[in-house]
Amino acid sequence: MKSKSRIILASADESTGRIIPSEAAEAAACIKCAGVCDRISAGNVNEEETVVIAADTVVAVEGEMFGKPLDEEDALSMLMRLSGRIHSVYTGVCVSIIIS
């Protein structure tokens with residue numbers, strides 16, 4: 001059985017309003033997954049079964065969550081705040097199967 005894979009970028013709003021980092025990562029992954037599933041379903045995919053895997057990562061240090069940086073300057077600022085400090089990294093994953 002041959003399988004094809006492709007990357008479909010999620011275009012969903014990833015803000016979840018969650019304050020617990022692990023929950024924020026999980027919720028954002030599910031938001032992305034649902035958005036991609038909707039786009040695939042609307043496109044009338046000819047496959048019998050389509051598997052969608054989405055993930056999101058959140059970094060937290062001393063109660064502050066770091067999401068996706070806005071730009072290069074923001075990314076550098078985040079790295080400077082994390083440098084030399086113990087921090088946690090949470091990744092949420094969501095898997096959906098679309099059956100035609």
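Colleague: How many disulfides does the structure hold?

Modeller: Heads-up: this is a predicted model, in which local features need pLDDT of at least 70, side-chain atom pairs count only at pLDDT 80 or more, and totals for chains, interfaces and linings use all residues. Residues are numbered from 1 along each chain as its sequence is written, and side-chain values use heavy atoms, with hydrogens and water left out. A disulfide is a covalent bond between the sulfur atoms of two cysteines, and the cut-off used here is a pair of cysteine sulfur atoms within 2.5 Å. By that rule, the number of disulfides in the structure is 0.

Colleague: How far is the sulfur of Cys30 from the closest cysteine sulfur?

Modeller: Start with the partner: the cysteine sulfur closest to that of Cys30 sits in Cys94. Going the other way, the closest cysteine sulfur to Cys94 is the one in Cys30. The two don't bond because they are too far apart, at 3.5 Å.

Colleague: Which of these labels fits Cys94, buried or exposed?

Modeller: First, the labels: buried means under 20% relative accessible area, exposed over 50%, and partly exposed in between (1.4 Å probe, protein chains only). Cys30 has 33%, so Cys30 is partly exposed. Cys94 has a relative accessible area of 13%, so the label for Cys94 is buried.

Colleague: Which element gives the largest share of the largest nonpolar core?

Modeller: A nonpolar core is a set of buried Ala, Val, Leu, Ile, Met, Phe, Trp, Tyr and Cys residues joined through side-chain atoms within 4.5 Å. The largest one has 9 residues: Ala29, Cys33, Val36, Cys37, Ile40, Val52, Ala54, Cys94 and Ile98. H1, S1 and S3 each supply at least two of them, these names being helices (H or I, at least four residues) and strands (E, at least two) taken from DSSP runs and numbered from the N terminus. The largest share of this core, 5 residues, comes from H1.

Colleague: How many Å separate the C-alpha atoms of Cys37 and Val52?

Modeller: Cys37 sits in helix H1, and it's buried, with a relative accessible area of 13%. Cys37 and Val52 both belong to the largest nonpolar core. They are 15 residues apart along the chain, yet their C-alpha atoms are separated by 7.0 Å.

Colleague: And how many Å separate the C-alpha atoms of Thr50 and Val61?

Modeller: Thr50 lies in strand S1, and Thr50 is buried at 14% relative accessible area. Along the chain, Thr50 and Val61 are 11 residues apart, and their C-alpha atoms are separated by 37 Å.

Colleague: Which strand do 12 bridges join to S1?

Modeller: Two strands pair if DSSP finds at least two bridges between them. One bridge here links Thr57 to its partner Thr91. The two strands run antiparallel, and the partner of S1, covering residues 88-99, is S3.

Colleague: What is the bridge partner of Val59 in S2?

Modeller: S1 and S2 run antiparallel, with 3 bridges joining them. They form a hairpin with 2 residues between them. The bridge partner of Val59 in S2 is Phe66.

Colleague: What is the phi of Glu62 near?

Modeller: Glu62 sits in the loop between S1 and S2. With 68% relative accessibility, Glu62 counts as exposed. Its phi is positive, in a residue other than glycine, and is near 45°.

Colleague: About how much space lies in the second largest pocket?

Modeller: Picture a 1 Å grid over the protein atoms alone: a pocket is an open set of points with protein on both sides within 12 Å along at least five of seven lines, and lining residues have an atom within 4 Å of a point. Points are joined across faces, edges and corners, and the volume is the space filled by probe spheres set on them. For the second largest pocket, that comes to about 360 Å³.

Colleague: Which element gives the largest share of the lining of that second largest pocket?

Modeller: Of the 19 lining residues, the closest to the pocket's centre are Asp56, Val58, Phe66, Gly67 and Lys68. Helix H1 (21-42), strand S1 (49-61), strand S2 (64-66) and helix H2 (72-82) are the elements that give two or more residues to the lining. The largest share, 4 residues, comes from S1.

Note on methods. 1 Å grid on protein atoms, 1.4 Å probe; cavity = no way out; pocket = protein on both sides within 12 Å on 5 of 7 lines; lining within 4 Å.
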